[in-house]
Amino acid sequence: MILGRTALIKNGVPVRLGAAKERGLLSLLLLHADDPVKMDTLLEYLWQDRSRTDRRPIVYSLVSRLRTMFDRLDMPEALELIRPANAYRLHVNPLTVDIHLFRSLVLRARQQIQQSRYAAAVATLQDALKLWRGEPLPDIRGIRAATLRSELGDEFLTARKLLAEALLHTGRPESALGQLERLIHDHDRDETLARLWITALHAVGRSDEARRYFAAFRPRFRRTTHAEPEINLAAILGGSAATPVPEVRPNQLPSSIKNFTGRADTLRELDALTEPAGSSGNVIVIDGTPGVGKTALALYWAQQRLHLFPDGQLHMDMGTYSSSTPVDPHAALARFLDALDVPATAIPPETDQRQALFNRLLNGRRVLVLLDDVHNCDQVQPLIPAAPGCVTLITSRHRLSRLTVQLTATVITVEPLPIEDSLVLLTRLIGKPRSIQEPEALVRLAQAANGLPVALRIIGEHVTARPRAAVTDLADELSRRLLDPVSDREQVSLHSIFSWSYRALPAEVAVLFRRLAGHPGPSIGVEVAAVMAGTEPDVTEARLNSLAQAHLINHDTVRHYRFLDLLRSYARNCASVEDGPVESTAALVRALEWYLFSAVHASTVLLPESPPVHDLPALRDRPAMSFTGTVDALRWCERERDNLAAATRAAAESGLHRLAWQIQGTIHQIFLRSGRLDGLLELNEIAVAAARRDGHVAAEIGHLLNVGAVHLAERRYAQARDAATAALHLALETGQEQYEAISSHALATALLETGHTGQALPLYMRTLDLCQRASDRAGEAAILHRLGDVHRRQGNPDLAVTSYLRALELFQRLGSAGGQGRTHHSLADLYLGMGETASAAHHCEQALAACALTGDEKVRCEALTIQADVHRLSGAQAEALVDSRQAVTVAARISDWRALVGALAVFADVLAETGSRAEAAAAGLRGLRILENTGGPDTEPLQKRLMSTCAALGVPLVV
């Protein structure tokens, strides 16, 4: 028990535990139940100071004491030292540990809510919340421990929100208010809590109080997020507490800028062009000079007109003038299709096919597509939907005349703000009192900005930051700077206005501004900024906020910032003049190494069985992100995905070839498992070229194999075979026996997936021999698993079971929860096919338990599908319905079309058997439609099953 004081219960009797450090070690091992925990992680949690004293002997002593206790309790095998990985693992059923049982109960409650079984969900959540006895993990200290407790607290808060929601649906608003009352004060900016609180107040007849609460909540929320809360007060007060949540539509629009001023005529023109009944406003191009406010105008209008686009809003920053590589239409279409719930592996490989699918999905819908920072017509034309109800809004510095000819696009040129509007904006920024006192100076400042909002905002912040200075004196200072002979000698120099604000920065903040110019990606986090500047994160965050207040950088998301392209260009100029290439390159290298080491830490958590990337520098004492578990690591990888991709490209472009292939080599497997494959092939090809230029044969082979893995995941089997063959030839030419094994494995897998089991088998056997000779237990386990696949496809189930069980034993010895989950899943599928439902159910349960620890959503989805079929065949239709519905949801979320079709096939059968014939027919047809464009030789059984279900339902099929 770790949700409160650490405790160990045996047969209902508490076991006496040792001192705080011993309890802390036990609590960490229980938190990672049956997963290895690295020695470095234990040291960091058990000792919060950063002393260089080697405390590993103390850990050994603590482990010895725990072992003695386990021996006394007749649990001698409970603790195991995994020496190759320098880690400890506690053998324990996760569901006997309160935190893991809590998570399992919350997951069950979510399923019950999805099934509209709200009373059951209330009971389940109440059982879950009873497990919390106080502050979790109280025996560990330090920053990481506090972060971990905070994340666990978020899980506790989520469960209480779910309970309040379920209570409202069961008609118990008074109980919901009791649940929410303490939370609403501690989390007074939480939008979900606010919505539940307002709903509960209305349900008990306190509607006036609900209105007052919303009136107070709204400004608090806006101050924090700079966005409006998505709480429809009128709908809540006009409906009931159990009003269902509407279907989610894509809403990718960023928040609009504060203090938007002027443009009334342009806003009216946009309104006229986009009236639902209109036919002339399908494509609108907003062009104008840099800094004139094109993006701000487009976003402000779009955010104010959401009601015109009830089917969603899509947004893409095309990146023409930002630091990252401009987005090509091929990749942009993939991102839009992903937002429209198209599985990644169901996204067609060719641009014109993607465009056709995009148009088909938007047909009959009213969606806004906002394409920002576009370079030319070729970049944007494939992204413009043909559906007459959709509107495409484009911002560009260029005229894009071809669109006006080919698509009858309307062009709106944004002019600089007139002096009247410039004065209004400046007044809003610096306040009325000072504006009224010195109106002539205000006019001079407004004129200096030449109607450019970005310049006005910088001027306004400069004046606001000097409340005791006379506005006239500040206007004189700016005038002198504009007339400086070293300026650009333009009538008004935008860089001179930037310089006015930049030169006023404290020296250390100015250094940070220059360092950030070399950041490789679009979004800059506090930690990487600290590394680039060579300062501590808390100091760096304060300086970043100073830059944001000066409008020299913008807030992006929580603790992340983003440059306006003009300001990044200015920062680069400053860095070039004041620092020179050596320091700028050094800052870039620090950033790239930070991304590399952080990705290594994430990979260690997510893929502990995977070997490290070649020739990594020593990680000890390197600045990098650290992670408390799989959820934390996955969240970081997803948030930093674009930055990691940009880091690979930037390293290659800067001639830092080793960093390029090391970064990509570290993140490849993580992104491959995530299901978002678009762009991964290009990055691996960059890494192959980088490794070749670096003269690193092993890295070149590894990245050739990664190229093949992407092709295999996208079912391009011929290309996968070619890549594996190239890797194998290179391994044989250079005598890389280890890579001969891995390359043979990859080639055999490509052959296996195309039905060439006879050719795959000898390759697998050769690879198994190589792995055994090299004592490569992880490789041996992987090959044994694949041999199980071969035997199964050859119709030898007994041999398949033997191979799978040998693989499972090795994965258990290695502590590979991921390997165990995959093998349990394969055994479950095999036993289901053999009609042994009890064995299938057992292995499904084990696979799902492993997935709860690893976060492997693909295996979880397929295990849920098998479990649903087991329940269906056993007559447990209600459980089958829950499992299959959840499998469909997970498959769609991770964009795995093969898993989605399998889940739909089971889901359709369960629905048909429970009398939901219309829903069953819809599920069956959906599966068949997916197979139309994505089917292969391995999908024939699924197609037959779906067609049989549809035929039994009397659904006409058009072939």
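**View 1. Contacts across the whole chain of this predicted model.** Among the contacts that join residues at least 6 apart in sequence, 66% link residues that are at least 24 apart. The chain contains 44 helices and 13 strands, and of its 959 residues, 52% are buried. The views that follow take up some of these helices and strands in turn.

**View 2. Strand 6, with strand 9 and strand 10 beside it in pairing.** Strand 6 covers residues 283–287, and because five of its five residues are buried, this strand is largely enclosed by the rest of the structure. The covering concerns both faces of the strand, with Val283, Val285 and Asp287 buried on one side, and Ile284 and Ile286 buried on the other. Strand 6 runs parallel to strand 9 (residues 391–396), to which five bridges join it, and in this pairing Asp287 is found opposite Ser396. Strand 6 also runs parallel to strand 10 (residues 410–413), here with four bridges, and Ile286 is found opposite Ile412 of that strand. As background for reading this view, the strands of a sheet pair through hydrogen bonds of the backbone, in either a parallel or an antiparallel sense.

**View 3. An open sheet of three strands with antiparallel pairing.** Read across the sheet, the order of the strands is 11-13-12. Strand 11 (524–525) and strand 12 (554–555) are the edge strands, each of them pairing on one side only. Strand 13, made of residues 560–562, pairs with strand 11 in the antiparallel sense over two bridges, and Ile524 stands opposite Tyr561 of strand 13.

**View 4. Helix 32 and helix 34, whose axes come within 11 Å.** The axes of helix 32 (residues 697–713) and helix 34 (residues 737–753) cross at roughly 15°, which means that helix 32 is roughly parallel to helix 34. The crossing of these two helices is left-handed. On the side of helix 32, the residues in contact are Ala698, Ile701, Gly702, Leu705 and Leu712, and these meet Tyr739, Ile742, Ser743, Ala746, Thr749, Ala750 and Glu753 of helix 34. Sorted by character, the residues of this contact divide into eight nonpolar, three polar and one charged. When following such a list along a helix, it helps to recall that an α-helix has 3.6 residues a turn, so residues three or four places apart point the same way.

**View 5. Helix 2, a mostly covered helix.** Helix 2 consists of residues 39–46, and six of its eight residues are buried. The buried residues are Met39, Thr41, Leu42, Leu43, Tyr45 and Leu46.

**View 6. Thr648 in helix 29 and its surroundings.** Helix 29 covers residues 641–653 and includes Thr648, a buried residue whose relative accessible area is 0%. When neighbours within four places in sequence are left aside, Thr648 is in contact with Ala660, Ile663, Gln664, Leu683 and Ile686.

**View 7. Gln662 in helix 30 and its surroundings.** Gln662 belongs to helix 30, which covers residues 657–674. With a relative accessible area of 2%, Gln662 is buried. Leaving aside neighbours within four places in sequence, Gln662 is in contact with Leu596, Val613, His614, Asp615, Leu616 and Pro617.

Methods: Residues are numbered from 1 along each chain as its sequence is written. This is a predicted model: local features need pLDDT of at least 70, side-chain atom pairs count only at pLDDT 80 or more; totals for chains, interfaces and linings use all residues. Side-chain values use heavy atoms; hydrogens and water are left out. Axes are lines fitted to C-alpha atoms, for helices over the stretch in contact, and angles run from 0 to 180 degrees between N-to-C directions. Angles under 35 degrees count as roughly parallel, over 145 as roughly antiparallel, 65 to 115 as roughly perpendicular and the rest as oblique. A crossing is left-handed if the near helix is turned anticlockwise from the far one by less than a right angle, and right-handed if clockwise. Contact means heavy atoms within 4.5 Å. Ala, Val, Leu, Ile, Met, Phe, Trp, Tyr, Cys and Pro count as nonpolar, Asp, Glu, Lys and Arg as charged, and the others, Gly among them, as polar. Two strands pair if DSSP finds at least two bridges between them. Buried means under 20% relative accessible area, exposed over 50%, partly exposed in between (1.4 Å probe, protein chains only).
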